[in-house]
Amino acid sequence: MVRIGNIVIPESELVERFVRAAGPGGQNVNKVSTAVELRFDIAQSPLLPEPVRARLLARRDRRITADGVLVINAQTLRTQDRNREDARERLAAFIGQSLHAPKKRIPTRPTRGSKERRLAGKRERGTIKQGRSRTDWD
């Protein structure tokens, strides 16, 4: 069971597959499946509120498949249990980012003083560059 704020995801919603981890690992690397592939179906989960589901599916993340399934691979730790915990923590963090709607940006205009300072800086740079191009030695 994974708890994210007021959302509780039961074990039946999560699909875990244990595979062999890549990289160095000594004698056990070819015998023990310590890496975890955690799958959570965002699109079909009845537990997620509709705004949260929409924000999750709208994210452009390579971990979300075309069918709306989130796939998390955890293989950095040495044991299967710790990789399971890591994958579940990453799932909670991923969903937790979409729990709150982002604030709508209020467009602002630059102040008159900031416009004048910007243009004065541009004029100053222009005069410096003009001064470099003068080759009138006569």
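Is Arg17 buried, partly exposed or exposed, and what is its relative accessibility? Arg17 counts as partly exposed, at 47% relative accessibility. Here are some notes to read alongside the structure, which is a predicted model.

1. **The sheet as a whole.** Let's start with the strands. Three of them make an open sheet, ordered E3-E4-E5, with antiparallel pairing. E3 and E5 are the edge strands, each pairing on one side only. From one strand to the next, the twist averages 20 degrees. As background, strands of a sheet pair through backbone hydrogen bonds, either parallel or antiparallel.

2. **Strand E4 and its two partners.** E4 covers residues 35–41. Its pairing with strand E3 (residues 14–19) is antiparallel and runs over six bridges. If you want a landmark for that pairing, look for Phe18, which stands opposite Val36 in E4. Strand E5 (residues 69–74) is also joined to E4 by six bridges, and these two strands run antiparallel. Two landmarks help here: Asn73 in E5 is the bridge partner of Glu37, and Asp41 stands opposite Val69 in E5.

3. **How enclosed is E4?** Of the seven residues in strand E4, five are buried, so the strand is largely enclosed by the rest of the structure. Glu37 is worth a look in this respect: it is buried, with a relative accessible area of 13%, and the cut-off for buried is under 20%. Arg39, by contrast, counts as partly exposed at 32% relative accessibility.

4. **Salt bridges around Glu37.** The count of salt bridges comes to nine. In one of them, the side chains of Glu37 and Arg17 meet at 3.9 Å, N to O. Glu37 belongs to strand E4 and Arg17 to strand E3, so this pair ties together parts that are 20 residues apart in sequence. Glu37 also forms a salt bridge with Arg39, and there the closest N and O atoms are 3.2 Å apart. In general, side chains of opposite charge can pair when their charged atoms come close.

5. **A salt bridge within helix H1.** Moving on to the helices, which residue forms a salt bridge with Arg53? The partner is Glu50, with the closest N and O atoms 2.8 Å apart. Both residues lie in helix H1, three residues apart, about one turn of the helix. Glu50 is exposed, with a relative accessible area of 53%, whereas Arg53 is buried, with a relative accessible area of 10%. Elsewhere, Glu11, Glu16, Arg84 and Arg88 are joined into one network by salt bridges that share partners.

6. **The surroundings of Arg53.** Helix H1, where Arg53 is found, spans residues 50–58. Which residues is Arg53 in contact with, leaving aside its neighbours within four places in sequence? The list is Ile42, Ala43, Ser45, Pro46 and Leu48.

7. **Helix H2: length and cover.** Helix H2 takes in residues 80–96, 17 residues that should span 24 Å at 1.5 Å a residue; its end C-alpha atoms are 24 Å apart, which agrees. The buried residues of H2 are Asn83, Asp86, Ala87, Arg88, Leu91, Ala92, Phe94 and Ile95. If you are wondering what covers them, the cover includes strand E1 (2–4), strand E2 (7–9), E3, E4, H1 and E5.

8. **The largest nonpolar core.** This core has 21 residues, and those that touch the most other members are Ile9, Phe40, Ile42, Leu48, Leu91 and Ile95. Two or more residues come from each of E1, E2, E4, H1, E5 and H2. Which element gives the most to this core? H2 does, with five residues.

9. **Ile95 as a place to look.** To see the core from the side of H2, try centring your view on Ile95, one of the buried residues of H2. Leaving aside neighbours within four places in sequence, Ile95 is in contact with Ile4, Ile9, Phe40, Leu48 and Leu56. Among these contacts, Ile9, Phe40 and Leu48 also appear in the list of core residues that touch the most other members.

How values were computed
Residues are numbered from 1 along each chain as its sequence is written. This is a predicted model: local features need pLDDT of at least 70, side-chain atom pairs count only at pLDDT 80 or more; totals for chains, interfaces and linings use all residues. Side-chain values use heavy atoms; hydrogens and water are left out. Buried means under 20% relative accessible area, exposed over 50%, partly exposed in between (1.4 Å probe, protein chains only). Helices (H or I, at least four residues) and strands (E, at least two) are DSSP runs, numbered from the N terminus. Two strands pair if DSSP finds at least two bridges between them. Contact means heavy atoms within 4.5 Å. The expected span of a helix is 1.5 Å times one less than its number of residues. A nonpolar core is a set of buried Ala, Val, Leu, Ile, Met, Phe, Trp, Tyr and Cys residues joined through side-chain atoms within 4.5 Å. Axes are lines fitted to C-alpha atoms, for helices over the stretch in contact, and angles run from 0 to 180 degrees between N-to-C directions. A salt bridge is a side-chain nitrogen of Lys or Arg within 4 Å of a carboxyl oxygen of Asp or Glu.
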